[in-house]
Amino acid sequence: MTTPLTGDLLIGARTIARPERQPWAVNSATGEVLEPRFVEASSADVDQAAELAWQAFGVFRRTSPDVRSQFLLLIAQKLVALGYELIDRVHLETAIPKVRVVLERDRTVFQLRFFAHVVREEQFLDYTIDPARPERLPFPKPDLRLRQVALGPVAVFGSSNFPLAFSVAGGDTASALAAGCPVIVKGHPAHPGTSEMVGRAIQAAVAELNLPEGVFSLLTGGIDAGVALVKHPRIKAVGFTGSRGGGMALVGLAAARPEPIPVYAEMSSVNPVYMLPAALEARAETIGEDYVASLTVSGGQLCTNPGIVIALQSPALDRFVASASATLGQVKAMPMLTAGIHANYANGLAAFAEHAYVVLEARGIETGKINCTPGAIFSTTAKAFLNDPALSHEVFGASSIIVRCDSVDEMMQVTESLEGHLVGTLHLEPGDTELARTVMEVLELKVGRLVVNGWPTGVEVSPAMVHGGPFPATSDSRSTSVGTSAIRRFLRPVSYQNVPQGLLPDGLK
C-alpha cells in the first residue's frame, strides 16, 4: 500500500499541511469531488521551494553520471511499485481508460530509464578538445575545450492530457534531472491526487540516495502559484505542455523578468494530413477507417490529433469521406478530461457547425453523459479555408476538418498558409512521389516531424524523435520535449581557454 493521499504540498523533504483546502480533484465521468482536498501553494511556498532548489543545484549538478542514472532508475522503480493504486487514481481523476493509463505509465517509466542511459553515456555533454598550437602564425592558437553545464532549477508545468508522461515525472522532469537541474513541478489541478502519488515517489527516491532535498518539490495551486514560480529569480528555465494562451502567458512572464529565461512550451497543433491522389484511389476506405481511429483515440485529446485533412477533390476523396463518416458514426463519445476542456470543445464544434462555408460530414454517438460530446468531421473548400484563419485553429478533442482542393496549386496555397505544427502526415503510393516531394519541401518548414503512410498520434521515445515544431506548436522550434535532444533544453555550453589540467572538469582533462 502507498502512503494515503493527504493533499499536502511537497517542498523538498517536507510536507506542508494547512486547514484551508481546495476541491481540485474531480471525477470527470461523474462530476463528483474526490478526496482529499488540496493545499494551494502561496508565494511563500514558491519562494521556499525555489530557495531549496537553488541550494541543491550546486551539489546536484556535480553528481556523477552514475548517481544521476541511479536516481532516474529508482524513480522508475518506485512508479512501477505504485501498481494499480496509481492506475485507479489516474482513471478516477481523468476518465482516461485504464488500459491507456497502463500504457502511459509504461511510457513514463521507459522515459526515465531512457534518460538514465543517456546520462551514463555522457554524450550530451559534448566534450570537445581543440588543442593549443603555439607555433601558429601570425598568432599562437590557445587551448580550447568545451562542455555543456546545467542551467539551474527548472519549473515544470504538468499537462492535463498526459497525467503521467508529461507531468510530475514526465519527459520535462526526466530530462531536467538528467541534465543536473533541480525541478519544481506545478501540478495540474485536473489530477492532483495522481501528482501527489508520483511526487511522493520522487521525494522518496531523493531521500533514499541522500541527494539534497531541494532537488525536487511539488506545488499544487492555480494561476497565482504558476506566475510566482516563473517570475522567481532562482528559476532558470520552464517546461510547459498545454494551451497556446497558457504557454504564451508564461513566455511573456519569463521575457519580462530582469533576467529573461527560456520557456519550452508545447502548445497548439492541428497536424495536417495529406491524402494524395494515388493513395486515395488505392485505399480510400481503409485510410478512412484508420483516420477515425487516430482522431478518436483518447477522446481526441492528444496534441498530435489529425485535425486537418488536405486532399484534391475527386470520387476517391468522396469514398474516403464516406468511409470515415460510417466509422465515426459507430464511435461513442467518451468523458473528456475536465469540464472546462469539454466546454471549449463543444463551443469549438458549434462555431464550425454555424460557419457558412463548413459542412458537417459526420458525428459520433451521443451518450448523454456528463462531459461527453461525440467526435465530428467537417469539410470546407480550399478557398474558404484560405479566407478564414479561424478554420485552421485547434479545436482540442475529436474534431477534424477536411479541406477540399480543386488543384495542386490550391493545395500548395493551403500548405503555405499553415502555421507551425508538431506533425505533418502524407498518405501516398508510388504514383504520388512527385507531388509528395513538392508538398514536403514546404511542409518540412511547418512541422517538427514528417510521417508517411501512418498517423501523427503516437510519439516514439527515441534519439531521432522531434516532438516540437514552429510556432505555435512550440515557443522554440529548435527544441523537442521527447527524445535524447530534450535534455539540451536545460544545458548551456561553456568554453575553457588555457585552463590548467588541475582545474579542468574531468571530462576535459
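## A walk through the chain, starting at Gly288

Select Gly288 and show what surrounds this glycine: setting aside neighbours within four places in sequence, Gly288 is in contact with Phe320, Ser323 and Ala324. You are looking at a predicted model, so treat each stop as a place in a prediction. Gly288 sits in helix α9. With a relative accessible area of 0%, Gly288 is buried. Now add Gly348 to your selection and draw a distance between the two C-alpha atoms. The pair is 60 residues apart in sequence and 23 Å apart in space.

**Along the same helix: Glu285**

Stay in helix α9 and pick Glu285, which is also found there. Is Glu285 buried or partly exposed? Its relative accessible area is 34%, so Glu285 counts as partly exposed. Which residues does Glu285 touch, if those up to four places away in sequence are not counted? They are Arg319 and Ser323. You have met Ser323 already, as one of the contacts of Gly288. Here is a handy idea to keep in mind while you look along a helix: an α-helix has 3.6 residues a turn, so residues three or four places apart point the same way. For another distance, try Glu285 and Asn344: they are 59 residues apart in sequence, and their C-alpha atoms are 31 Å apart in space.

**Zoom out: the whole chain**

Switch to a cartoon view of the protein chain. Its secondary structure comes to 14 helices and 17 strands. The radius of gyration is 24 Å, close to the 23 Å that the globule rule gives for 509 residues, so the chain is as compact as a globular protein of that length. Turn the model around and you can follow the C-alpha trace along its principal axes, where it spans about 75 × 70 × 40 Å.

How many of the 509 residues count as buried? The share is 56%. Next, think about which parts of the sequence meet: among contacts with a separation of 6 or more, 78% are between residues 24 or more positions apart. If you turn on the surface, the accessible area comes to about 20,300 Å², and 56% of this area belongs to carbon and sulfur atoms. Colouring by charge brings up 42 positive and 50 negative side chains, and the centres of these two sets lie 8 Å apart.

**Next selection: Phe352**

Go to helix α11, residues 339-353, and select Phe352 there. Phe352 has a relative accessible area of 7%, so this residue is buried. Show its surroundings: leaving aside neighbours within four places in sequence, Phe352 is in contact with Val358, Phe378, Ala390, Leu391, Val395, Ser399 and Ile401. Pick Leu391 from that group. Phe352 and Leu391 are 39 residues apart along the chain, while their C-alpha atoms are separated by 7.7 Å.

**Next selection: Ala50**

Move to helix α1, where you will find Ala50. Ala50 is buried, since its relative accessible area is 0%. Beyond its neighbours within four places in sequence, Ala50 is in contact with Ile184, His232 and Arg234. Val101 makes a good distance check: Val101 and Ala50 are 51 residues apart along the chain, and 31 Å separates their C-alpha atoms.

**A ruler on helix α4**

Select residues 98-121, which form helix α4. How far apart should the ends of α4 be, at 1.5 Å a residue? The 24 residues should span 34 Å, and the end C-alpha atoms are 35 Å apart, which agrees. Step on to Glu122, which follows α4 and has a positive phi, near 65°.

**Backbone details to hunt for**

Most residues other than glycine have a negative phi, and most peptide bonds are trans. The next stops are about exceptions.

- Asn271 has a positive phi, near 55°. Look for this residue in the loop between β9 (263-266) and β10 (272-275). Asn271 counts as buried, at 0% relative accessibility.
- Ser298 also has a positive phi, near 55°. This serine lies in the loop between α9 (277-296) and β11 (308-312). At 16% relative accessibility, Ser298 counts as buried, because the cut-off is under 20%.
- Pro36 is joined to Glu35 by a cis peptide bond, with omega near 0°. Find Pro36 in the loop between β2 (14-16) and α1 (43-60).
- Pro138 is joined to Leu137 by a cis peptide bond, with omega about 5°. Its place is the loop between β3 (128-130) and β4 (144-150).

Definitions and conventions: Residues numbered from 1 in each chain as written. Predicted model: local features only at pLDDT ≥ 70, side-chain atom pairs only at ≥ 80, totals over all residues. Heavy atoms only, no water. Helix = DSSP H or I, 4+ residues; strand = E, 2+ residues; numbered from the N terminus. Rg over C-alpha atoms; globule rule 2.2 N^0.38 Å. Buried < 20%, exposed > 50% of the residue type's maximum accessible area, 1.4 Å probe, protein only. Contact = heavy atoms within 4.5 Å. Areas by Shrake-Rupley, 256 points an atom, 1.4 Å probe, with all protein chains shown as cover. Lys, Arg positive; Asp, Glu negative; His and termini not counted. Charge placed at Lys NZ, Arg CZ, Asp CG, Glu CD. Expected span 1.5 Å × (residues − 1).
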